[in-house]
Amino acid sequence: MRFIDTNIFLRYYTRDDEKKAEEVLKLLRRVEKNEEKVVTSPLVIFEVIFTLEKYYKVSKKEIYELLQPILDLRGLKLDFRDVFSLALDLYSKKNISFADAFNACFMAKQGIKEVYSFDQDFDRIEGIKRIIP
């Protein structure tokens, strides 16, 4: 098993180096066919989303469309895969950060309905009550 770093996904998505993008596509096809097993960390996924949104100005909807197929790769091991899928969907539909979407979905999976926070983004998420300490 090998680890996939952020820049591998970014080369594929941005295609700023076509040769590298093609090599990544070949890798991802092997992972999809389960011919190769890889792992990545939640931090890598966060970094990919942040970079696409902030530096490449990719829309939330497009980020969802780009990342969901990666999360579905059979040969990819990723902790909290189900939370990432739910969070991507929430993030693409609400005016909130991906971090807040992820935390809201993480809370939901844990059966937690209240959050201590000064962040008003949580007020936009159904089923969560924000509490100011």
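**Close-up views of the predicted model**

**View 1. The lining of the largest pocket draws its largest share, 4 residues, from α6.** The model shown here and in the views below is predicted. The volume of the largest pocket comes to about 190 Å³. Its lining consists of 13 residues, and those lying nearest the centre of the pocket are Ala108, Ile125, Glu126, Gly127 and Ile128. Sorted by class, the lining of the largest pocket holds 8 nonpolar residues, 2 polar residues and 3 charged residues.

**View 2. The whole chain has 6 helices and 5 strands.** From one end of the sequence to the other, these elements follow the pattern β-α-α-β-α-α-β-α-α-β-β. Along the principal axes, the box filled by the C-alpha atoms is roughly 50 × 30 × 20 Å. The protein has 133 residues, of which 40% count as buried.

**View 3. An open sheet is formed by 3 strands.** The order of the strands is β1-β2-β3, and their pairing is parallel. The edges are taken by β1 (2–3) and β3 (76–77); each has a single partner strand, so one side of each is left without a neighbour in the sheet. Strand β2 (residues 38–39) and β3 run parallel and are joined by 2 bridges. In this part of the sheet, valine 39 stands opposite lysine 77 of β3.

**View 4. Phenylalanine 46 and phenylalanine 84 form one of the aromatic pairs, of which there are 11 in the count.** The rings of phenylalanine 46 and phenylalanine 84 are edge-to-face, with 5.7 Å from centre to centre and 70° between the planes. This pair links distant parts of the chain, 38 residues apart: phenylalanine 46 is in helix α3 (residues 42–54) and phenylalanine 84 is in helix α5 (residues 81–93). Phenylalanine 46 counts as partly exposed because its relative accessibility of 24% falls between the limits of 20% and 50%. Phenylalanine 84 has a relative accessibility of 0% and therefore counts as buried.

**View 5. Phenylalanine 84 also pairs with phenylalanine 98, and this pair is stacked.** Why does the pair of phenylalanine 84 and phenylalanine 98 count as stacked? The ring centres are 6.0 Å apart, and the planes meet at 15°, which is under the 30 degrees that set the limit for stacking, so the pair is stacked. Phenylalanine 98 lies in helix α6 (residues 98–110) and phenylalanine 84 in helix α5, so their pairing ties together parts that are 14 residues apart in sequence. Phenylalanine 98 has a relative accessibility of 5% and so counts as buried. Both pairs belong to the setting of one aromatic cluster, formed by Phe46, Phe80, Phe84, Tyr91, Phe98, Phe102 and Phe106.

**View 6. A polar contact joins the side chains of arginine 130 and aspartate 123 at 2.9 Å.** Arginine 130 has its place in strand β5, whereas aspartate 123 is found in the loop between β4 (114–116) and β5 (129–131). Is arginine 130 buried or exposed? The relative accessible area of arginine 130 is 18%, and because this is under 20%, the residue is buried. Aspartate 123, with a relative accessible area of 47%, is partly exposed, because this value is under the 50% limit for exposed residues. The side chain of arginine 130 also reaches the backbone oxygen of serine 117, at 3.3 Å. From C-alpha to C-alpha, aspartate 123 is 11 Å from aspartate 100 in space, and the two are 23 residues apart in sequence.

**View 7. Arginine 15 has a positive phi, near 55°, although the residue is not glycine.** Arginine 15 is in the loop between α1 (6–14) and α2 (18–32). With a relative accessibility of 34%, arginine 15 counts as partly exposed.

**View 8. Lysine 57 has a positive phi of about 55° and is not a glycine.** The loop that holds lysine 57 lies between α3 and α4 (60–71). The relative accessible area of lysine 57 is 66%, and because this is over 50%, the residue is exposed.

Note on methods. Residues numbered from 1 in each chain as written. Predicted model: local features only at pLDDT ≥ 70, side-chain atom pairs only at ≥ 80, totals over all residues. Heavy atoms only, no water. Buried < 20%, exposed > 50% of the residue type's maximum accessible area, 1.4 Å probe, protein only. Phe/Tyr/Trp six-rings, centres within 6.5 Å; stacked < 30°, edge-to-face > 60°. 1 Å grid on protein atoms, 1.4 Å probe; cavity = no way out; pocket = protein on both sides within 12 Å on 5 of 7 lines; lining within 4 Å. Points joined across faces, edges and corners; volume = space filled by probe spheres on them. Nonpolar A, V, L, I, M, F, W, Y, C, P; charged D, E, K, R; others polar. Pairing = 2+ DSSP bridges. Polar contact = N/O pair within 3.5 Å; in protein donor to acceptor, adjacent residues only side chain to side chain.
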